[in-house]
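Colleague: I would like to go through this model with you. Tell me what stands behind each term as we go.

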Amino acid sequence: MSEAILSIRDLTVEIPTRHGILRPVDGISYDIGRGEVLGIVGESGAGKSMAGNAVIGLLSPPARIAKGEIHVGGTRIDHLKGDAMRRLRGKEIGMVFQDPLTSLNPLLRIGDQLTETILAHLDVSRSEAEKRAVAALDEVGIPGARERINSYPHEFSGGMRQRVVIALALCAEPSLIIADEPTTALDVSVQAQIIALLKSLCRNRGTAVMLITHDMGVIAEAADRVAVMYAGKLAELGPVRDVLTTPRHPYTDGLMGSTPLASRGKARLHQIPGAMPRLDALPSGCAFHPRCPYAQDKCSADPGPDLADGNGAACWFPLPHDAKVA
Amino acid sequence: MLAFIIQRIAQSALVLLVVGLVAFSMFSFVGDPIDNMLGQERTQADIDRLRGQLGLDQPFPVQYVKFLGNAVQGNFGISYRQGRPVADILLERAPATLELAAVSGFLAIFMGIGLGVFTAIRREGFAANAIMSLSLIGVSLPTFLIGILLIYLFSVELGWLPSFGRGETVRVGGWTTGFLTESGLKALILPSITLGLYQMTLIMRLVRSEMLEVLRQDYIRFARARGLRERAVNFRHALKNTLVPVITVTGLQLGSIIAFAIITETVFQWPGVGLLFINAIQFVDIPVMAAYLMLISVMFVGINLIVDLLYFSIDPRLRADRTKAH
């Protein structure tokens, strides 16, 4: 990746508690290039959203970045505080949240929410900002943008509201978008539209996208590369086709096996035994070893190997093996 | 919208009719005013003459309708004790109470909201915690005790401020004001703090808890993620969303500031309608009591009507629901 928009190195997020320090994100590294969509998948609590919040500087205390570096557009941002960080939010890094029904302030017209965002970041007049607000709504496919600008959020459907949210995230033209489960709260029929919209807008502008989701279908549809997270660590990282068709980490393999596919017919879905360990009770060595069908002694002693040049699987005994369990 | 206003005004009229009935029934059921008005050496002829003069010999419904008709025209009869029209006495006393209530209400609303927002935003800070602890005094100490403590400290010990009365007043048209003289302003300080303290702390604690609730909402996170300034997030986005419940309580509290000025006026010998009412009770001056009751209920009903209308201007969702419902 010659031109990385987002570059994360050894990022570690810690939450100090009475029972010791928890690490919801533990030493992850990846790059996202211009116009690239990196899908981040994993179970709930794997640290996907926490990593996204760390990048945009919205970790809720006491969670904090303990180690590592975050670079956006070549500038280091992980140590920025207060107003310096605020200027980057929206301007360099946009964010789309999960639930469009609750992401918009119910008491303000969407036009006002758009113009205030534009005015916060761009040096333009109010009338110019209003013009851009209409253009932004138009761009995300809201019909009659000029009139709808005066509507309140409750006057839109869920899918339309997510379009408004995307317009808000993109209106100051950030170079990176963090989309945190952008389709989870939507109807299935609307999901594909929203993903297609997000993808085409970012491709046209060259915006890098960090697409956080637990939906393998969304990943397959939208992502260029995919990062699989497990218990705060990267399990596997690679081009989406490779990871989805020939997973190398046993966890990814299990995850793929438990995704319903039309091609697989009515066969019983595979289930990964057990549950992801709690952060305060991580097993020694590779965190996945108690649930791994291929685990050996080494796995409980040493944490998985680092990902070689940001690709591959953090596993001592990557697939394929002779015997397929799933 | 218009239908709603008409509906609410009709309800208000009904409430006033009922209060009018209660106020009026005092004439018949709370002792015989004639006893008080004529001295020990009265004759039956005197009693009958006065009874006829005051219309007290007519049947109850006739008296009630007469009473209502007069009340609508602002005629509440003649004070049994002072022998002057009640309306005149009330008008004479009203400026004192209204000025006191206005200063207290202003103090309660602005200090209450300001401190509430402050303690919510800096909820970990020392100052915020100190304010919260002190506010317990305002909520839990009875008004008369606060008044007496203030008098003891600032009038008796320090001698800075007067302990009773309105100070010098200036007549502006039919209105006597204490705002224009130094002694008048000085005299306002202690009573208005006494009267407004409870309301201020109540509003403050309410604003704080509502703010804390709102600050957790997704749209606040999204507003931050769009890089809006903290001030815009806190006041434009968060505070506005706390206002509906705050206005409800504030409206009722403003009503009670006027209604319960009685205690403060008694402690500070403030020549307002509250003191008038207390004296009226001691002398069973029923026309004054009835008029006071009506006056207070008109204020409460009026404030409630304003509160209902404010909901509409703040929350667009209510407007939509109403239009659909009608």
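Modeller: Start with the bend at a residue: it is the angle between axes fitted to the seven residues ending there and the seven starting there. This is a predicted model, where local features need pLDDT of at least 70, side-chain atom pairs count only at pLDDT 80 or more, and totals for chains, interfaces and linings use all residues. Residues are numbered from 1 along each chain as its sequence is written, while chains are lettered from A and ligands numbered from 1 in the order in which they are written.

Colleague: Where is the kink in α8(B) centred?

Modeller: On Gly196(B), with an angle of about 45 degrees. Helices are DSSP runs of H or I, at least four residues, strands are runs of E, at least two, and both are numbered from the N terminus.

Colleague: What makes you say that α8 of chain B spans "only" 43 Å?

Modeller: The expected span is 1.5 Å times one less than the number of residues. For 34 residues, 182–215, a straight helix would span 50 Å. The end C-alpha atoms of α8 in chain B are 43 Å apart, so the span falls short of the straight value.

Colleague: Why is α9 of chain B called mostly covered?

Modeller: A residue is buried if 20 or more other C-beta atoms, placed from the backbone, lie within 10 Å of its own; it is exposed at 12 or fewer and partly exposed in between. Seven of the eight residues in α9(B), 218–225, are buried, so "mostly covered" follows. Among them are Tyr219(B), Phe222(B) and Arg224(B). Across chain B, buried residues make up 34% of 326.

Colleague: Which elements do the buried residues of α9(B) pack against?

Modeller: In chain A, α1 (48–56), β6 (93–96) and α3; in chain B, α8 and α10 (230–259). Contact here requires C-beta atoms, placed from the backbone, within 7 Å. After α9(B) comes Gly227(B), with a positive phi near 80 degrees.

Colleague: How many residues does each chain give to the contact?

Modeller: Chain A gives 24 and chain B gives 21. On the chain A side, α4(A) has the largest share, four residues.

Colleague: What makes a residue on that side nonpolar, polar or charged?

Modeller: Ala, Val, Leu, Ile, Met, Phe, Trp, Tyr, Cys and Pro are nonpolar, Asp, Glu, Lys and Arg are charged, and the others, Gly among them, are polar. The side of chain A that touches chain B divides into eleven nonpolar, seven polar and six charged residues.

Conventions:
Contact = placed C-beta atoms within 7 Å.
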